[in-house]
Amino acid sequence: MPVLHTLLRLGVPLLAAAALPTVPAPPAAVAPPAAGAAAVSASAAPAASAEEPGWRAEPVSGSGGSAVRPYFYLAGPPGTVLEDRLALVNTTGQEHTVTLRGADAHNTAGGALAVRPARESTDAGSWISFGAGTTVKLPPRTRAVVPFTVTVPPASPPGDHPAAVVATEAGREVGVRVHLRVSGPTLAALTVEDVAVRGRGAGRVVSYTLVNRGNVTLAPRLAIRAEGRFGEVAGRAPRAVPVELLPGRRVTLTEPWPGAPVLDRVELTLTVTAPGGARATAAASVWCLPWGITGRTGAGLLALGGAIPAALVLVRIRRSRRARREPAGASAPAPVRTPAPDHELTGASR
């Protein structure tokens, strides 16, 4: 059975290679987010087709069955045992056998959300267990409710511990987010690193790395200020970065820079903020030159670099030839002195 190395969207098969649903971090006060949170609900998953197995995984609805939950949200102090329920829905006329496991969630290098293989899940994913077993048989057109627990170790550090419940059958894996927060002091902190400009012309982009230095999930916002030698140039107004940055994770992102000048030396200042008071800045200098000028300048410098050694060789050859024409030990001829003429003093007596 393949492990889940790719990204999954709630209720969508592995072949779709989509991402786990991105959700904003809940507020510091422990409370489940509203049903309208930015996430993909399993109930909104497309109907089964001939190419897609007709089963899905989703959190059991809230009280009364009216509140649709896009993911699990659990919170408690270290040493506690938290409980919730997963629903497996078979919409086909044949039986399905689904295997369940817990997994740690993490950011990929590009910022997307993914889950780790079972052997690499050492945090919240390893705290998840299923009382009814990890294998569930789904009869045709049946909805099964599977309870599970999250046992938080006594020495667990406070903050967010992202995880997922993963359901697998015949190579198809579906992940359901588990947003777990361990009670205690929280810290929202980040840094911006490795700022650089790549590309040329209208295709220039600003590359940078964000690092979550705190213990809560961040929803960052980025602003770019650009100051040239001839005054301020167009940067980027503050906007949300399309990434949910998990605690301790590092992601490398790029931001289009359509306002880059044609010819100037620009000082870029990146400012990143996030709810909870997180703020960081970083700066970089870049020369913006037209590609044609850059090419001709480089060719001129290359030609000049080749001409200088050639001139030095020519001077050495000429000196060598002059030395061979002169006999050894010959000294330079003495200069011929011409007597100075007697000047006539006008007005003198003879």
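Start with contacts across the whole chain. Among contacts between residues at least 6 apart in sequence, 68% join residues at least 24 apart. Keep in mind that this is a predicted model.

Now colour by secondary structure. The chain has 18 strands and one helix. Switch to a surface view next. Of the 350 residues in the chain, 39% are buried.

**Stop 1: strand 3**

Select residues 81–90. This is strand 3. Seven of its 10 residues are buried, so strand 3 is largely enclosed by the rest of the structure.

Which way does strand 1 run against strand 3? Add residues 55–59 to see. Strand 1 and strand 3 run antiparallel, joined by five bridges. To find one facing pair, pick Arg56: Val89 in strand 3 stands opposite.

Next, add residues 142–151, which form strand 8. How many bridges join strand 3 to strand 8? There are 10, and these two strands also run antiparallel. Click Ala87 in strand 3, then look across to strand 8. Val145 is the bridge partner of Ala87 there.

Strands of a sheet pair through backbone hydrogen bonds, either parallel or antiparallel. Show the backbone atoms while you look.

**Stop 2: Glu169**

Select residues 163–169. This is strand 10, and Glu169 lies in it. Show the side chain of Glu169. Is Glu169 buried or exposed? Glu169 is buried, yet it has no salt bridge. A salt bridge would need a side-chain nitrogen of Lys or Arg within 4 Å of a carboxyl oxygen. For Glu169, the nearest side chain of opposite charge is Arg172, 5.8 Å away.

What does the side chain of Glu169 make polar contacts with? Show Trp55: its side chain makes a polar contact of 3.0 Å with the side chain of Glu169. Then show His96. A polar contact of 3.0 Å joins its side chain to that of Glu169.

Now widen the selection around Glu169. Leaving out residues up to four places away in sequence, Glu169 touches Trp55, His96, Thr97 and Val98.

**Stop 3: a sheet of three strands**

Select strands 12, 13 and 16. They form an open sheet in the order 12-13-16, with antiparallel pairing. Which are the edge strands? They are strand 12 (190–198) and strand 16 (250–256), and each pairs on one side only. Turn the sheet to view the twist. From one strand to the next, the twist averages 20 degrees.

Finish by zooming in on strand 12 and strand 13 (residues 205–212). Seven bridges join these antiparallel strands. Select Ala196, then look for Ser207 in strand 13, which stands opposite.

How values were computed
Residues are numbered from 1 along each chain as its sequence is written. This is a predicted model: local features need pLDDT of at least 70, side-chain atom pairs count only at pLDDT 80 or more; totals for chains, interfaces and linings use all residues. Side-chain values use heavy atoms; hydrogens and water are left out. Helices (H or I, at least four residues) and strands (E, at least two) are DSSP runs, numbered from the N terminus. Buried means under 20% relative accessible area, exposed over 50%, partly exposed in between (1.4 Å probe, protein chains only). Lys and Arg count as positive and Asp and Glu as negative; His and the chain ends are not counted. A polar contact is a pair of N or O atoms within 3.5 Å; within protein, one must be able to donate a hydrogen and the other to accept it, and residues adjacent in sequence count only if both atoms are side-chain atoms. Contact means heavy atoms within 4.5 Å. Two strands pair if DSSP finds at least two bridges between them. Axes are lines fitted to C-alpha atoms, for helices over the stretch in contact, and angles run from 0 to 180 degrees between N-to-C directions.
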